[in-house]
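Visitor: Could you walk me through this one and explain the terms as we go?
Guide: Gladly, let's have a look together.

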Amino acid sequence: MQWVEARRASGLRVGLRGGVLAGLAVLLSGGMPALAAQPRVPQLDSEVVEVLRERPLSAQEKAWRALRAQARARPTDVALATQVAWQALRWARQDGDPRWLGQAQAALTPWWSQPAPPDEVRLLRATILQSTHDFDAALRDLRALVRARPDQPQAWLTLASVLQVTGQYDEAQSACNALKPAGAPWHAQACALELHSQRGEAGAADAAQRGLAELVTRAPRELSGYLNLIRAELAQRQGQPDKAAALYQAVLAAEDDAYTQGAYADLLLDQGRAAEVVSLLKGHERNDALLLRLAQAYAVTGDAALDRSVQALRARFAAAHERGDSVHRREEARFTLHLLKRPQEALRLAQLNWQVQKEPADARILLEAAQAAGEPQAADAVRAFMRRWGWSDKRLEAWL
């Protein structure tokens, strides 16, 4: 089961923020030069465009190629196709490369447009749609799937994740509750505790921390990273950065996960520890979300690599626009505000992003951009949402 994947899927926007599991919208008006979107044409036949490989294939890479070859030879074998897609999604979460998502979707081509594909395909399609922020389509698939197969814990967890990201907390609670009878009692408890902590009821955050800490001692060991990640994010919302840092470090010690790296980097940036961000993320520039945080750290430390990083991000955003990709708006708003210093454009992007997803990071960039643009009222939708659900997040208090 890919239970843990769903929790990170909404968190890591592959290719730019942080997905996870899936792929990843209009060229920035005034935000990027048109030149950034143009392809580079080699002037000489001898010019090296890219070095594709400097080492032999690993055993893992050989196994992957063999699996894909089998799937291509038997394109209507749903078991092989879903095996390829799940593996591609795991790697997409690990390194944030959107090409894995393309491979996952390509493996499902024979069934992708079917109104009612096989259950496993439908779950994979919903996961990919979730990661491309086509939340309405993902919800249609997930709701249909849990109606037909209420015993599918992965579908319930993915459904809860999408509903939580989009701020539909009441239905998300119902999805959390359905996990236990579906055979995932540990996930049911963690899901409910996290959701309870976000809804701002008196003492909910402290109770959730205690419940999660106790759950870690009882749940299967393979869930410890998942649970500690939730605990770390909750600790940040509670204004406990040292506790959050220790938990992020524990997760990273067990698994090199791009979502956790990005979340930990954000904590370090907030604490003015930019040099540690450079140490953490250098070498991970292939992941757009991590490159953004690395560029922010370079801006603080005065590193000469800043200009190169900004140009790389410009080009990647421009390429996303040409693909019609609107997944990156949160990160794009952050890039535009903090690195390009264009608050009005950042505000526009943050407002568009808030229409789609409503996590603390989405609230923060909208509040920051509205203040920087001299239009604090432009973030009134965030304040209204926070009042409605009783959100409590120490990181947002400066703008409230």
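**Packing around the helices**

Guide: In this predicted model, the cover over the buried residues of H4 includes helix H2 (59-73), H3 and helix H5 (119-131).

Visitor: Which residues of helix H4 are buried?
Guide: In H4 (residues 99-107) they are Trp100, Leu101, Ala104 and Ala107; buried means under 20% relative accessible area.

Visitor: How do you know that they are on the same side of H4?
Guide: Their arc around the axis is only 125 degrees, and therefore they lie on the same side of H4. An α-helix has 3.6 residues a turn, so residues three or four places apart point the same way.

Visitor: Why are H17 and H18 called roughly antiparallel?
Guide: Helix H17 (residues 329-338) packs on helix H18 (residues 343-356) at an angle of about 165 degrees, and their axes are 8 Å apart. Angles over 145 degrees count as roughly antiparallel, so H17 and H18 earn that description. The crossing of H17 past H18 is left-handed. Among the residues making the contact are Arg329, Ala333 and Leu337 of H17, with Pro343, Leu349 and Asn353 of H18.

Visitor: Which residues have the most contacts inside the largest nonpolar core?
Guide: Trp156, Leu159, Leu227 and Trp391 do, in a core of 85 residues. Helix H3 (residues 78-95) gives the most to this core, nine residues. A second, separate core has 25 residues, including Ala244, Ala265, Val278 and Ala297.

Visitor: What is Trp156 in contact with, leaving aside neighbours within four places in sequence?
Guide: Trp156 is then in contact with Val146, Pro150, Ala175, Ala178, Leu179 and Ala182; contact means heavy atoms within 4.5 Å.

Note on methods. Residues numbered from 1 in each chain as written. Predicted model: local features only at pLDDT ≥ 70, side-chain atom pairs only at ≥ 80, totals over all residues. Heavy atoms only, no water. Core = buried A, V, L, I, M, F, W, Y, C linked by side-chain atoms within 4.5 Å. Buried < 20%, exposed > 50% of the residue type's maximum accessible area, 1.4 Å probe, protein only. Helix = DSSP H or I, 4+ residues; strand = E, 2+ residues; numbered from the N terminus. Arc of directions from axis to C-beta. Axes fitted to C-alpha atoms, helices over the stretch in contact; angles between N-to-C directions. Parallel < 35°, antiparallel > 145°, perpendicular 65-115°, else oblique. Left-handed = near helix turned anticlockwise from the far one by under 90°.
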